[in-house]
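Student: I should like to go through this model and ask how each label is justified.
Tutor: Please do; each answer will set a value against its criterion.

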Amino acid sequence: MTDARNNRRPARLRRLLLGGLLATALALPAQALADADRWVIDPDHFAVGFLVDHAGYAKVLGMFLEAEGEFVFDPDTGELGDGHFVIQTDSVFTNHAERDDHLRNEDFLNVEEYPEMRFTATRYEPTSENTGRLSGGLELLGETRTIHLDVTINKVGRYPFPLGGLFGRPYVLGASMRGSFDRSDFGMTYGLTRDIVGDEIELIIEFEAQRQ
């Protein structure tokens, strides 16, 4: 009886080991897929711009030079898990120092009290294979309003060269977004009564995001 019991132990141990290995193998793809769907925007390839009317003569083109973001997205199905952009308001730049200082004060961005502007995605609706409509909440000056962005997914694929000193070439999604909102919805009303500064802010967003 002792010999028979001892003979059964290696077989049972092998079954346990094989079972453990199988369970691990089954769990890995799910985790890998979850990780693969998370994308982090490359700050060196992230442009957040805006256009606003100046007294009816022309539109001022500006940018925010510091921004970051990430999202969970499946390009094959168009399913968006979550996502957000965070923009440092004091990084505003319009190529005019006095105007930039004015944009930072209480008349406009009030950067000391509100150092960040945040967009939090809530829904993405594909409109074609490579386009869609992204909805979410824009938080500015302590107020949050829903805005919509028209999205074009320009390219998804292996990058042509390594990025940031990484070994290998990352998998990258590149997209363009356009939208608009009225700044008065956030309590920013300077210059409206005299038609010096327009109410509508046109957004221009371009980015490349790396799959994690």
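**Labels and their grounds**

Tutor: Let us begin with one residue: Asp 107 has a relative accessibility of 30% and therefore counts as partly exposed. The model is a predicted one.

Student: Why is Asp 107 called partly exposed?

Tutor: Buried means under 20% relative accessible area and exposed means over 50%, with partly exposed in between. Asp 107 stands at 30%, so the label partly exposed applies. Asp 107 is located in the loop between α2 (97-104) and β6 (116-126). On the surface, Asp 107 belongs to a patch of negative charge together with Glu 106, Glu 112 and Glu 113.

Student: What makes that patch negative?

Tutor: Asp and Glu count as negative. The patch consists of Glu 106, Asp 107, Glu 112 and Glu 113, so the definition assigns a negative charge to each of these residues.

Student: Where is Asn 110, and why is Asn 110 called buried?

Tutor: Asn 110 is found in the loop between α2 and β6. Its relative accessible area is 13%, and buried means under 20%, so the label follows. The phi angle of Asn 110 is near 50 degrees, a positive value in a residue other than glycine.

Student: What is phi of Ala 55, and in which loop does Ala 55 lie?

Tutor: Phi of Ala 55 is near 55 degrees, again a positive value in a residue other than glycine. Ala 55 lies in the loop between β1 and β2. With a relative accessible area of 32%, Ala 55 is partly exposed.

Student: How do you know that Glu 70 and Arg 38 form a salt bridge?

Tutor: The criterion is a side-chain nitrogen of Lys or Arg within 4 Å of a carboxyl oxygen of Asp or Glu. For Glu 70 and Arg 38 the N to O distance is 3.2 Å, so the criterion is met. Glu 70 lies in strand β3 (residues 67-74) and Arg 38 in strand β1 (residues 38-54), so the pair ties together parts that are 32 residues apart in sequence. Glu 70 is partly exposed at 26%, and Arg 38 is partly exposed at 34%.

Student: What makes Lys 59 and Glu 202 a salt bridge?

Tutor: The closest N and O atoms of Lys 59 and Glu 202 are 2.2 Å apart, and the limit is 4 Å, so the pair qualifies. Lys 59 is in strand β2 (residues 58-64) and Glu 202 in strand β10 (residues 200-211), so this bridge ties together parts that are 143 residues apart in sequence. Lys 59 has a relative accessible area of 47% and is partly exposed. Glu 202 is partly exposed as well, at 23%.

Student: Why is Arg 123 called exposed, whereas Glu 125 is called partly exposed?

Tutor: The cut-off for exposed is over 50%. Arg 123 has a relative accessible area of 51% and so is exposed. Glu 125, at 34%, counts as partly exposed. Arg 123 and Glu 125 form a salt bridge, with closest N and O atoms 3.7 Å apart. Across the whole structure, a search finds 7 salt bridges.

Student: How do you know that Phe 186 is buried?

Tutor: Phe 186 has a relative accessibility of 4%, and under 20% means buried, so the conclusion holds. Phe 186 is in the loop between β9 (171-182) and β10. Beyond residues up to four places away in sequence, Phe 186 touches several residues, among them Leu 138, Leu 140, Leu 141 and Phe 181. Phe 186 and Leu 138 are 48 residues apart in sequence, and their C-alpha atoms are 9.5 Å apart in space.

Student: What places Ser 91 in the buried class?

Tutor: Ser 91 has a relative accessibility of 6% and therefore counts as buried. Ser 91 lies in the loop between β4 (79-88) and β5 (92-93). Its contacts, apart from residues up to four places away in sequence, are Met 63, Phe 64, Leu 65 and Glu 66.

Student: Which residues form the nonpolar patch on the surface?

Tutor: Met 63, Leu 65 and Phe 93 form that patch, with about 270 Å² of accessible area together. Met 63 is in strand β2. Patch members need over 30% relative accessible area; Met 63, partly exposed at 33%, therefore passes this threshold.

Note on methods:
Residues are numbered from 1 along each chain as its sequence is written. This is a predicted model: local features need pLDDT of at least 70, side-chain atom pairs count only at pLDDT 80 or more; totals for chains, interfaces and linings use all residues. Side-chain values use heavy atoms; hydrogens and water are left out. Patches are made of residues with over 30% relative accessible area and no salt bridge: like charges are joined within 9 Å, nonpolar side chains (Val, Leu, Ile, Met, Phe, Trp, Tyr) within 5 Å. Accessible areas come from the Shrake-Rupley method with a 1.4 Å probe; for residues, only the protein chains shown count as cover. The place of a charge is taken as NZ of Lys, CZ of Arg, CG of Asp or CD of Glu. Helices (H or I, at least four residues) and strands (E, at least two) are DSSP runs, numbered from the N terminus. Buried means under 20% relative accessible area, exposed over 50%, partly exposed in between (1.4 Å probe, protein chains only). Contact means heavy atoms within 4.5 Å.
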